[in-house]
Amino acid sequence: MRTSLVVDDSRVIRKVARRILEGMGFEVAEASDGLEALSWCQATMPDAILLDWNMPVLNGLDFVRQLRQQPGGHQPVVVFCTVENDKAHVVAALDAGANEYVMKPFDGDIIRGKFAAMGLI
Amino acid sequence: MTPQTLALVRLIVQSRTGVVVDPDREYLILHRLAPVARREGFDSVDALLSAIRTQRDQRLMWAVADGMIPTESAFFRDGTPFNQFRDVLLPSLASSRRSGPIKIWSAGCGTGEEPYSLAMLVDAEQARHMATPVEIYASDLSERCLTKAQAGIYTQADIQRGLPARQLVQHFTKQDAHWHLSASIRRQVRWRRLNLIADLSPIGRFDVIFCRYVLEAFDGPTRKQVLEQLAGVLNPEGYLVLGDTETVLGLTEAFSPVSGQRGVFVRGWQRAMAA
């Protein structure tokens, strides 16, 4: 079974995302900030990461930069999922190493479409 | 809505567009016609249809038909057909092309996502290596769809469905709450209002016809008629691309499926075997 990590400081968003990803056949883990997510990845690198931007401790952009420096850190498909909806943020996310970008509000069809396009389902 | 009113809507729409309105989906009729009624200055859908019944106003009837045409669309819808176009159809046509452009037609283009997706792919292929010129034509019967398509302005919800983030940043700018497609991509598409159940022979000939999720709105005889018209304007070595759930089988022998290329069809049977 493919694994995914949902990184968001909102418990509600994590719950919604978990339900969508489990519906797509993923085993889902959760982290509430970038640092916790890095710890997860050091233990077990997931196949996909759904990543918020604005979080305490370590934000999404710094997380993905650090992730891509780690051994095996190039492997997960990273999809930002954030309220940041201007072009400069999308560019910064892709430059930092993200693969895709979703703007909140999102739904299952949007996530499914992005994951399908990345070959994850 | 009375059975007589429902029958009137079905008659208006099918006689003008070929689109069959499902009588069991009254909510859909009301949902689609409510904005038409508002635009035309009526208090309700019933008032609009009542006026049509008494006045027989052709313009209002076309407004109803336009409102009922399915318009669902998305950038790179279903993914695979666009990969097939880039990786199989386009190289095949380019390698055999001695002169003149490859001509592509997006038939029933809705609000423009399909022809613009093709234009973005062609743009990338030409930037990489492809020297053969490509012309992209797009048509729809709906005026309101064509108006939106030509503007190339999309909502956040529109650009989230199917459009890869890299294409978004390469080809779009954000102004206020909307995403505007670059002029260079918009200029690649030529638009035309066209009814697929009318005579298509004057429109020229094409090398690839995308006609995805359009036929499903028609009844069997109309699908057959449209497919045979499409065969008439497709070049002998050309390709027809249908929606994932659509086929020609059982409808016409004007096309046959290409083995290994789901949703792709060629004219006649012999070429399909060799493709």
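These are my notebook entries on a predicted model with chains A and B.

**Entry 1: the core**

I began with the largest nonpolar core. It holds 112 residues. I looked for the members that touch the most other members, and found A:Leu51, B:Ile209 and B:Leu240. Next I asked which element gives the largest share of this core. That is helix H6 of chain B, residues 113-128, with six residues. I then checked the domains of chain B. Domain 1 (3-68) and domain 2 (80-274) both contribute residues, so the core lies between them. I note the background expectation: in soluble globular proteins, nonpolar side chains tend to be buried together.

I followed B:Leu240 further. I left aside its neighbours within four places in sequence. What remains in contact with B:Leu240 is B:Ile209, B:Cys211, B:Leu230, B:Leu234, B:Phe255 and B:Phe265. B:Ile209 thus appears in this contact list and also among the core members that touch the most others.

**Entry 2: the two domains of chain B**

I took the bounds from the domain assignment: domain 1 is 3-68 and domain 2 is 80-274. How far apart are their C-alpha centres? I get 29 Å. For the contact between them, I find five residues on the domain 1 side and eleven on the domain 2 side. The domain 1 side divides into two nonpolar, two polar and one charged.

**Entry 3: where chain A meets chain B**

I turned to the contact between the chains. Chain B puts in twelve residues and chain A puts in 14 residues. On the chain B side, three elements each supply at least two residues: helix H8 (156-160), helix H9 (165-171) and strand S4 (172-175). Which of the elements gives the most? It is H9(B), with four residues. I sorted the chain B side by residue class and got four nonpolar, five polar and three charged.

**Entry 4: the antiparallel sheet of chain B**

S4(B) led me to a sheet. Three strands of chain B form an open sheet in the order S3-S5-S4, with antiparallel pairing. S3 (153-154) and S4 are the edge strands, and each pairs on one side only. I looked at the S4(B) pairing in detail. Four bridges join S4(B) to S5(B), residues 178-181. Across this pair, B:Phe172 stands opposite B:Leu181.

**Entry 5: the parallel strands of chain B**

I then went to strand S2(B), residues 134-140. Is S2(B) largely enclosed or open? Six of its seven residues are buried, so the rest of the structure largely encloses it. S1(B), residues 102-107, pairs with S2(B) in the parallel sense over six bridges. One bridge here sets B:Ala107 against B:Ser139 in S2(B). I traced the connection: the chain goes from S1(B) through H6(B) to S2(B), and this β-α-β crossover is right-handed. H6(B) is the helix I met in the core.

S2(B) also pairs with S6(B), residues 189-193, in the parallel sense, over five bridges. B:Ile136 stands opposite B:Val189 in S6(B).

**Entry 6: A:Arg68**

A:Arg68 sits in helix H3 of chain A, residues 60-69. I counted 15 C-beta neighbours inside 10 Å, so A:Arg68 is partly exposed. Leaving aside neighbours within four places in sequence, its contacts are A:Gly73, A:His74 and A:Gly97. I also checked A:Ala98. It is 30 residues from A:Arg68 in sequence, yet 9.2 Å from it in space, C-alpha to C-alpha.

**Entry 7: backbone outliers**

I kept the rule of thumb in mind: most residues other than glycine have a negative phi, and most peptide bonds are trans. I logged three exceptions.

- The peptide bond from A:Lys104 to A:Pro105 is cis, with omega near 5°. A:Pro105 lies in the loop between strand S5 (100-103) and helix H5 (108-117) of chain A.
- B:Arg56 is not a glycine, but its phi is positive, about 55°. B:Arg56 is in the loop between helix H3 (45-55) and helix H4 (58-68) of chain B. It has 9 C-beta neighbours inside 10 Å, so it counts as exposed.
- B:Asp78 is not a glycine either, and its phi is positive at about 75°. B:Asp78 belongs to the loop between H4 and helix H5 (80-96) of chain B. With 18 C-beta neighbours inside 10 Å, B:Asp78 counts as partly exposed.

Methods. Residues are numbered from 1 along each chain as its sequence is written. Chains are lettered from A and ligands numbered from 1 in the order in which they are written. This is a predicted model: local features need pLDDT of at least 70, side-chain atom pairs count only at pLDDT 80 or more; totals for chains, interfaces and linings use all residues. A nonpolar core is a set of buried Ala, Val, Leu, Ile, Met, Phe, Trp, Tyr and Cys residues joined through C-beta atoms within 7 Å. A residue is buried if 20 or more other C-beta atoms lie within 10 Å of its own, exposed if 12 or fewer, and partly exposed in between; C-beta atoms are placed from the backbone. Domain bounds come from an automatic or database domain assignment. Two residues are in contact if their C-beta atoms, placed from the backbone, lie within 7 Å. Ala, Val, Leu, Ile, Met, Phe, Trp, Tyr, Cys and Pro count as nonpolar, Asp, Glu, Lys and Arg as charged, and the others, Gly among them, as polar. Two strands pair if DSSP finds at least two bridges between them. A crossover is right-handed if, with the strands pointing away from the viewer, the path from the first strand over the helix to the second runs clockwise.
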